[in-house]
Amino acid sequence: MSSAAHSVIEPSATSKRIAGGIVVLYAIVSMIPLFWIIATSFKTPPDSIAYPPKVLFTPSIEGYCNLFTTRTRQTADYINSLPPATSFCDETTRKRNMVIAGQSNFVPRFVNSLIIAFGSTFCAVFLGTLCAYGFSRFKVPLADDLLFFILSTRMMPPIAVAIPIYLMYRELGLSDTALGMILLYTAVNVSLAVWLLKGFIDEIPREYEEAAMIDGYSRLQSFWRVVLPQATTGIAATAIFCLIFAWNEYAFAALLTSGTAQTAPPFIPTIIGEGGQDWPAVAAGTTIFLVPILVFTILLRRQLLRGITFGAVRK
Amino acid sequence: MTDANASILERAAETAARATPAPVAARVRGLSDKAVAWLFIGPTMLLLLAINIFPLIWAIYLSFTNYRANRPNEPIKGVGLSNYRRILGDHDTWLAMQATAHFVFWTILLQMLIGFALAYLIDRKFRGHAFGTTIILVPMMLSPAVVGNFWRFLYQPQIGLFTYIVSFFTGIPPTEIDMLSSVTLAPWAIIIVDTWMWTPYVMLICLAGLRSIPDYIYEAAEVDRASNWRQFWSITLPMALPFIMLAVLFRGIENFKMFDMVNLLTGGGPGSTTEVASITLKREAFEKWRTGFSSAFAIILFVAVFGLANIYVKVLNRVKSR
């Protein structure tokens with residue numbers, strides 16, 4: 001028998017250490033952009049554009065102040081005539097010879113993102129669960145073709161889909177409405193939901209339902225009381241995937257919404273300050289936008305593989 | 001009705017149902033399986049017909065016309081195949097296709113190499129490999145638009161962190177590194193961001209492939225004293241191949257459609273050097289408002305994705321069944 005050092009299944013301690021070292025190095029390097037986003041959100045505008053880039057700096061929440069407010073430039077005399085500043089944001093703004101003029105659009109855009117992401121996720125998971133159960137348990141004519149059709153709707157380039165959708169929504173009065181976006185995201189996500197959930201439901205033994213039906217449950221009752229409780233993990237994982245897609249989506253949102261229903265992704269790049277992009281404010285918006293995703297990624301880590309391959313690969 | 005009454009009724013119905021033959025029982029107990037099947041599948045199909053198929057048919061119709069969405073009152077005139085002829089004969093279209101091909105080729109190549117290497121290393125199962133995997137996976141879950149936008153900041157000449165690090169290691173003055181405005185560097189700027197973002201995706205699929213190889217095959221190879229190198233080429237790689245190809249398929253389709261990240265990073269510029277197909281389509285459809293022309297382009301792109309994916313799936317199945 002060859003020594004352990006030559007084995008693929010039982011790697012030696014040294015080879016483990018080298019492998020671990022390289023992977024950790026990669027992880028650190030790939031985290032730098034994220035670290036930089038968070039760091040920039042706590043910098044003042046001058047610190048954010050300093051050369052060489054500042055790794056150590058005095059943290060400030062000016063970026064967050066600028067994210068939530070709009071400001072106008074005023075003369076020093078006018079600012080001195082104002083009553084004393086009431087908040088940190090007030091004070092920092094005045095130091096830059098400006099006063100807070102009002103609320104920015106960030107909160108409404110963020111709320112739009114929440115409404116559209118949750119609304120479309122609910123609809124996609126609801127429809128997807130029913131449809132997946134149908135394909136999993138019944139002999140549907142042309143089942144393979146229909147399933148492929150469902151998947152193929154996801155292959156279309158979003159811009160190609162957006163052209164006729166734009167015209168259709170204009171006719172129906174759905175342009176720039178949350179309802180329009182919810183419908184669209186539901187249609188995009190339902191293909192993922194059907195494919196993922198079919199995999200999860202296929203794994204639930206049919207015997208459970210058959211036993212329930214012998215005990216007098218109807219088909220619908222056994223679906224509701226036997227299959228659904230068994231599929232909760234799968235449904236939750238699917239819901240999170242749909243949520244992440246709808247949350248991150250940019251192409252449709254940028255082309256089909258402009259004001260009232262605009263979501264955060266097309267809004268954040270448009271945050272500008274005086275003389276160009278206000279990077280600390282952009283970074284602050286990005287940070288707030290990314291936090292939910294980071295939480296969900298950690299929750300989902302066991303189901304990730306399945307989700308990203310439409311259920312083609314299961315662990 | 002009281003609960004007691006309801007349960008008596010229910011029990012009576014149950015007894016009745018059990019005594020009757022199956023088809024009658026099904027009717028008594030509720031909907032037939034066939035009705036349930038259509039009730040469950042129908043709504044999804046209707047939604048997809050309304051939001052995907054109907055617009056697609058409309059786009060096919062428009063692709064044969066000179067319609068312009070910014071002039072809805074102008075009469076629509078059929079122009080036959082001339083939109084298609086113009087696109088396929090247009091030099092700019094082919095340049096866009098070349099830009100797309102360049103982007104797809106290099107992103108897939110880099111992501112496969114780095115992703116597979118990482119998966120291979122993680123499969124050594126060093127201490128903390130599960131935690132390391134989770135950390136590595138984070139970039140792919142983020143919004144390509146929002147994060148792509150931030151990369152513009154990292155790429156700024158002089159003040160950008162990326163520029164600073166490159167200049168630190170190469171000695172090139174940081175004012176001369178302008179990733180987004182240089183004709184030669186801009187295509188690589190988008191390739192770098194895409195690779196940063198999606199290598200974890202490839203890594204995850206490759207890892208599944210490596211883990212699907214049963215230990216006894218390696219054990220047998222070790223009994224035969226096959227070298228690690230030999231084991232890699234004749235066991236690891238061939239057995240992980242279907243997974244690698246699956247990753248190529250998914251990344252290929254996604255990057256062929258690439259829009260958000262490129263739109264925010266370079267917007268297709270400088271000039272048209274990074275104008276991938278989706279960006280051309282957006283310029284034609286939503287800036288020049290040549291709706292008929294861009295519909296034809298959209299159809300061509302869709303047929304291309306669909307055709308390539310179909311061929312690829314066939315190859316994939318052949319590899320899998322081998």
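**A walk through chains A and B**

In this predicted model, chain A has a secondary structure of 16 helices and 4 strands. The overall form of the chain can be judged from its radius of gyration, which is 26 Å. The globule rule gives 20 Å for 315 residues, and the value for chain A is well over this, so the chain is more spread out than a compact globule. Along its principal axes, the C-alpha trace of chain A spans about 85 × 70 × 40 Å.

The interior of the chain may be considered next. Of the 315 residues in chain A, 44% count as buried. Contacts also link distant parts of the sequence: among those between residues at least 6 apart, 73% join residues at least 24 apart.

Helix 1 of chain A merits a closer look. This helix covers residues 13-41, a run of 29 residues. At 1.5 Å a residue it should span 42 Å, and because its end C-alpha atoms are 41 Å apart, the expectation and the model agree. The helix nevertheless has a kink of about 40° at I32(A), shortly before the proline P33(A). That proline, P33(A), is one of the buried residues of helix 1. The others are A19(A), V23(A), Y26(A), W36(A), I37(A), A39(A), T40(A) and S41(A). In general, an α-helix has 3.6 residues a turn, so residues three or four places apart point the same way.

Attention now turns to chain B. Its domain assignment gives domain 1, residues 3-62, and domain 2, residues 82-321. Taken over C-alpha atoms, the centres of domain 1 and domain 2 of chain B are separated by 43 Å.

Note on methods
Residues numbered from 1 in each chain as written. Chains lettered and ligands numbered in written order. Predicted model: local features only at pLDDT ≥ 70, side-chain atom pairs only at ≥ 80, totals over all residues. Helix = DSSP H or I, 4+ residues; strand = E, 2+ residues; numbered from the N terminus. Expected span 1.5 Å × (residues − 1). Bend = angle between axes of the 7 residues up to and from the residue. Buried ≥ 20, exposed ≤ 12 C-beta atoms within 10 Å, placed from the backbone. Rg over C-alpha atoms; globule rule 2.2 N^0.38 Å. Contact = placed C-beta atoms within 7 Å. Domains from an automatic or database assignment.
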